[in-house]
Amino acid sequence: MTIDNRSETASRPMDMAFAEAEAAGARGEVPIGAVVVDADGAVIARAGNRTLELKDPTAHAEMLTIREACAARGSERLAGCDLYVTLEPCPMCAAAISFARLRRIYYGAADEKGGGVDHGPRIFEHPTCHHRPDVYGGLGETRAAALLRDFFAARRD
């Protein structure tokens, strides 16, 4: 949607999401990272993709951070929490974000092929969507796109 004007506040968690994405790429995973912060800005979960390592197609960075944050809070709801992720969430992750009741999503690069928030099925726009977080795309977009482009280019060579 739009870039949030709170970019200075958002830069620390987004930098952490990029660190998780870089670590995922170093493990041979698609370089996507995510961080969940509470209303006070404290980080309660962070992860990078682990689908290959865990042999789990649901082990996306967003899903792993949602699971970890819910466990840390002792609840299936993350009301008042924000998610920072380096790539627009896919439809599966968008549905989980809705069910977890995350307050806001900040993402880096848009995903025109696999996205589920601002592209593809646009999960939050469905009338049956349980919860619609505020969405802010484009935070660190150039960096996120370059990280993904370089990762896939190295595999084509």
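Two strands are taken to pair if DSSP finds at least two bridges between them, and that criterion underlies the strand pairings visited on this tour of a predicted model.

**Stop 1: the sheet**

Begin by selecting the strands, of which 5 form an open sheet in the order β2-β1-β3-β4-β5, with mixed pairing. At its edges you will find β2 (43-48) and β5 (134-137), each of which pairs on one side only. If directions are ignored, neighbouring strands of this sheet are turned against each other by 15° on average. Strands of a sheet pair through backbone hydrogen bonds, in either a parallel or an antiparallel sense.

**Stop 2: β1 and its hairpin**

Select residues 33-37 next, which make up strand β1, and turn the view until both of its faces can be inspected. On one side lie Gly33, Val35 and Val37, on the other Ala34 and Val36, and all of these are buried; β1 is accordingly mostly covered, with 5 of its 5 residues buried. Extending the selection to β2 shows an antiparallel pairing with β1 over 5 bridges, in which Val37 has Val43 of β2 as its bridge partner. The two strands β1 and β2 form a hairpin with 5 residues between them, and in the turn Gly41 has a positive phi of about 90°.

**Stop 3: β3 and the pairing on either side**

Now move to strand β3, residues 82-87, where 6 of the 6 residues are buried, so the strand is largely enclosed by the rest of the structure. With β1, strand β3 pairs in the antiparallel sense over 4 bridges, and Val37 stands opposite Asp82 of β3. With β4 (residues 104-109), β3 pairs in the parallel sense over 5 bridges, and here Asp82 stands opposite Arg104 of β4. Carrying on from Arg104, you reach its bridge partner in β5, Asp134; β4 and β5 run parallel and are joined by 4 bridges.

**Stop 4: α3 on the sheet**

Add helix α3, residues 61-73, to the display together with the sheet. The helix α3 packs on the sheet, where it touches β1, β2 and β3, and its direction makes about 150° with that of β2. A useful residue to pick within helix α3 is Thr65. Is Thr65 buried or exposed? Thr65 has a relative accessible area of 0% and is therefore buried, the cut-off for that class being under 20%. Apart from its neighbours within four places in sequence, Thr65 is in contact with Ala34, Val35, Val36, Ala45, Arg46, Ala47 and Leu83.

**Stop 5: α3 against α4**

Two packed helices are described by the angle between their axes and by the distance between those axes. Select α3 along with helix α4 (residues 91-100), and you will see axes that come within 9 Å and cross at roughly 20°. Because angles under 35 degrees count as roughly parallel, α3 is described as roughly parallel to α4. The crossing in which α3 passes α4 is left-handed. For the contact itself, show the side chains of Glu62, Met63 and Ile66 from α3 and of Met92, Cys93, Ala96, Ile97 and Ala100 from α4; by class, this contact of α3 with α4 has 7 nonpolar, no polar and 1 charged residues.

Staying on α4, colour its buried residues, which are Cys93, Ala94, Ala96, Ile97, Ser98 and Ala100. What do the buried residues of α4 pack against? They pack against α3, β3 and β4.

**Stop 6: α5**

Next select helix α5, residues 141-156, which lies across β3 and β4 and runs at about 55° to β4.

**Stop 7: positive phi outside the turn**

Most residues other than glycine have a negative phi, and the last selections are residues that depart from this pattern. Just after α4, Arg101 takes a positive phi of about 65°. In the loop between α2 (51-54) and α3 you will find Lys55, whose phi is near 50°, a positive value in a residue other than glycine; with 72% relative accessibility, Lys55 counts as exposed. Finally, in the loop between β4 and β5, select Arg122, which has a positive phi of about 45° although it is not a glycine, and which counts as partly exposed at 35% relative accessibility.

Methods. Residues numbered from 1 in each chain as written. Predicted model: local features only at pLDDT ≥ 70, side-chain atom pairs only at ≥ 80, totals over all residues. Heavy atoms only, no water. Axes fitted to C-alpha atoms, helices over the stretch in contact; angles between N-to-C directions. Parallel < 35°, antiparallel > 145°, perpendicular 65-115°, else oblique. Left-handed = near helix turned anticlockwise from the far one by under 90°. Contact = heavy atoms within 4.5 Å. Nonpolar A, V, L, I, M, F, W, Y, C, P; charged D, E, K, R; others polar. Buried < 20%, exposed > 50% of the residue type's maximum accessible area, 1.4 Å probe, protein only.
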